[in-house]
Amino acid sequence: MSDIPKIHSIKKTDKETLLKWYRILFLGRTLDEKAPNYLKQAIGWSYHAPAAGHDGIQLAIGQVFDRSKDHLFPYYRDLVTNVSAGLTAEEIIYNGISKDADVAGGGRHMSNHFAKPEWNIHNVSSCTGNHTLHAVGVGRAIKTYESKGVAFSSQGESSVSEGYVYEAVNGASKEQLPVVFVFQDNGYGISVPKKDQTANRKVAKNFEGFKNLRVMYCNGKDVFDSMNTMMEASKWAEENQKPVIVQANCVRIHSHSNSDRHDLYRDDNELGYVKEYDPLAKFQRLLIRYNRATEEELKAIEEDVAAEVKIAHRKGMAAPHPTPESIHDFVLPEPYTSTKYPDGTHQFDGEPQKLIQGLNETLKAEFRHNPDTYIWGQDIANKDKGGIFNVSKGMQQEFGKKRVFNAPIAEDFIMGTANGMVRYNKDIRVVVEGAEFADYFWPAMEQFVETTHEYWRTKGQFSPNITVRLASGGYIGGGLYHSQNIEGALSTFPGVRIVYPSYADDAAGLLRTCMRSEGMTVFMEPKALYNAPKAATPIPDDFEVPFGKARVRRPGKDLTIFTYGNTTHMCVEVANELAKEGVGDIEVIDLRSLIPLDTEAVIESVKKTSKALVVHEDKVFGGFGGEIAAQITADAFEFLDAPVKRVGSTFTPVGFNRTLEAAVLPNNDRIKEAAKELLAY
């Protein structure tokens, strides 16, 4: 492009820099070609996506990246990018053969996923293009804190077909964030040609109508065009605080990866063409043709690189593997510990507050407590409205638009940018209203799953300090997408806590613990109880409820009902009714925390009563209650005098019509019937 300053060229760039670049390119290519040998020898590198043909743009990304201020999100083909950014041959090999010394995460991720979190080279997963949202989140933090630097998102052109990439570019454009999206275009998404991916020959053209966005094109096979373009992109994004797309035309010399055979879909002419345009060979020819280096000088560099890789190989082979037992480390960071309320109970006798009031006042108190706290979501801050249920009412007025703001109707964007923003500073805490109703959270599942294993995958180097608020459950006549329960599905993912309060004080206390803890927590809010008088309680101003601590709502000796959320109140009512009828003395335990679960309290209560009934609003089949029943059967079977029974929703969707809803959801009569059956054993 004519408006890109020609700072570098074969004639203008100093010799020392040119030789440094040649060394980086040759080291990258040597490692790239060595990687398949580890696989052939069954040593490791089970996944390898060759970088050959992308060398020019990858050299430029790594050279322009400044780890003192920038953030880099490389993808799985970015071997040369990482070498150019400073990773050593040793670090590349440790990653490739999954050794414990791997700086990306100690061998906990697929090989060829290079990173160095301490340098702001982020650990990126295999979901192609998903890190665009993380880069936008970091870009938001850079702008919020008025810092220098940019966020780089590097990816293949076919990943741009993913919807969350469009969400990322749209969000960066709308918010005017310093993010540089690099599309490395080699013409293929594995075996799928570009013509089957997008209507435009150059995918970046899909975005040329976006406001506040600069789109640039370069020859990613050419070192100088790539370097000049990336320097201008980074400079422009930082100075203008706006995003840039750089589309770099590359070639893929080899197969997509070691599991792909490109000769099955590329003919001999094409295979010959891509080798002819090898960026490394072109750069070598230019250095010699323009007398910028001699063959002897280049040969000396190559020999030095060969010796370095040989030493790195020996160190890699001698380095220890992760120990099998270490797989249980870094699943979740240690939570915030309450010293004043270690069991999550209190004796405060004040004016009862509704559950929604407890949430609202706790959010505000925690925002005052930690100025690095942020909240966003749909309808979260529109004049006097605060979320679809007004939980965040008044927050933007007090804390301003930088800390409390609306997000697009794009749940993946909400979650993904939260993942990105908390990377910027360990003090940052983000609360997101993940969806207006829990049922609408499914579009965010890709980012939710990604975030659940960030702490584990990075070996504790990055903790996503996020509280995901979701208005959950029925009993409102809300119908499909407004009344479903999803906690059973979410609980299958390691790396996330899930809490589900039933009363105002527990809602406030759990929210405070969520917001002060490291790691991600899903905070399920029973929306039918927001304004229900039966859920109102006095709330101490500093109340805290630890994770994994159940609460006895009614003591008893003949049967235990385990419950949470909306059904807790029904269970207490049923227990009181049966006691008045002289049928039995029922203990009701409000779990409050699902992950982690207070297994000790569950087992101890079963030992006391010898009978167990599990009640929740979610479906019985596949619901969370099945896990409680299974743990009771496994750990307290000898104490049982009757089978464990469950009451929950029938295996149908919750309908809008209240008659249909009543036929699906648990109610007092069904709970009472099940309790009486157990008491009769």
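**Close-up 1. Helix H4 crosses helix H10 in this predicted model.** The pair comprises H4, residues 89-96, and H10, residues 295-318. Their axes come within 9 Å and cross at roughly 40 degrees. The two helices are therefore oblique to each other. The crossing of H4 past H10 is right-handed. On the H4 side, the contact is made by Ala89, Glu90, Ile93 and Tyr94. H10 contributes Glu308, Val309, Ala312, His313, Lys315 and Gly316. By class, this contact holds five nonpolar, two polar and three charged residues. An α-helix has 3.6 residues a turn, so residues three or four places apart point the same way.

**Close-up 2. Helix H2 meets helix H7.** H2 spans residues 55-64 and H7 spans residues 223-240. Their axes come within 8 Å, with a crossing of roughly 40 degrees. H2 passes H7 in the right-handed sense. From H2, the contact residues are Gly56, Ile57, Leu59, Ala60, Ile61, Gln63 and Val64. From H7, they are Val223, Ser226, Met227, Met230, Met231 and Ser234. Nine nonpolar and four polar residues make up the contact of H2 with H7, and no charged ones.

**Close-up 3. Seven strands form an open sheet.** The strand order is S9-S8-S10-S11-S13-S12-S17, and the pairing is mixed. S9 (404-406) and S17 (593-595) are the edge strands, each pairing on one side only. Neighbouring strands are turned by 20 degrees against each other on average, direction ignored. Helix H17, residues 504-516, packs on this sheet. H17 touches S8 (373-377), S10 (429-435), S11 (466-472), S12 and S13. The direction of H17 makes about 160 degrees with that of S13.

**Close-up 4. Strand S13 pairs with both S11 and S12.** S11 and S13 run parallel and are joined by six bridges. Alanine 471 stands opposite glutamate 525 of S13. S12 (residues 497-499) pairs with S13 (residues 521-526) in the parallel sense, over three bridges. Arginine 497 stands opposite threonine 521 in S13. Valine 499 has phenylalanine 523 of S13 as its bridge partner.

**Close-up 5. Strand S13 is largely enclosed by the rest of the structure.** Six of its six residues are buried. Thr521, Phe523 and Glu525 point one way from S13. Val522, Met524 and Pro526 point the other way. In a regular strand the side chains alternate between the two faces of the sheet.

**Close-up 6. Helix H14 is mostly covered.** H14 spans residues 445-452, and seven of its eight residues are buried. The buried residues are Met445, Glu446, Gln447, Phe448, Glu450, Thr451 and Thr452.

**Close-up 7. Histidine 71 sits in strand S1.** The strand covers residues 71-73. At 4% relative accessibility, histidine 71 is buried. Neighbours within four places in sequence are left aside in the contact list that follows. Histidine 71 is in contact with Phe65, Asn120, His122, Val138, Ile142, Val150, Ala151, Phe152 and Tyr424.

**Close-up 8. Asparagine 112 and aspartate 379 have positive phi.** Asparagine 112 is not a glycine, yet its phi is about 75 degrees. The residue lies in the loop between H4 and helix H5 (131-144). At 0% relative accessibility, asparagine 112 is buried. Aspartate 379 is not a glycine either, and its phi is about 60 degrees. The loop between S8 and helix H12 (395-399) holds aspartate 379. Aspartate 379 is partly exposed, with a relative accessible area of 27%.

**Close-up 9. A cis peptide bond joins isoleucine 595 and proline 596.** Omega is about 0 degrees at this bond. Proline 596 lies in the loop between S17 and helix H19 (599-609). Strand S17 (593-595) is one of the edge strands of the open sheet.

Terms used:
Residues numbered from 1 in each chain as written. Predicted model: local features only at pLDDT ≥ 70, side-chain atom pairs only at ≥ 80, totals over all residues. Heavy atoms only, no water. Pairing = 2+ DSSP bridges. Helix = DSSP H or I, 4+ residues; strand = E, 2+ residues; numbered from the N terminus. Axes fitted to C-alpha atoms, helices over the stretch in contact; angles between N-to-C directions. Contact = heavy atoms within 4.5 Å. Parallel < 35°, antiparallel > 145°, perpendicular 65-115°, else oblique. Left-handed = near helix turned anticlockwise from the far one by under 90°. Nonpolar A, V, L, I, M, F, W, Y, C, P; charged D, E, K, R; others polar. Buried < 20%, exposed > 50% of the residue type's maximum accessible area, 1.4 Å probe, protein only.
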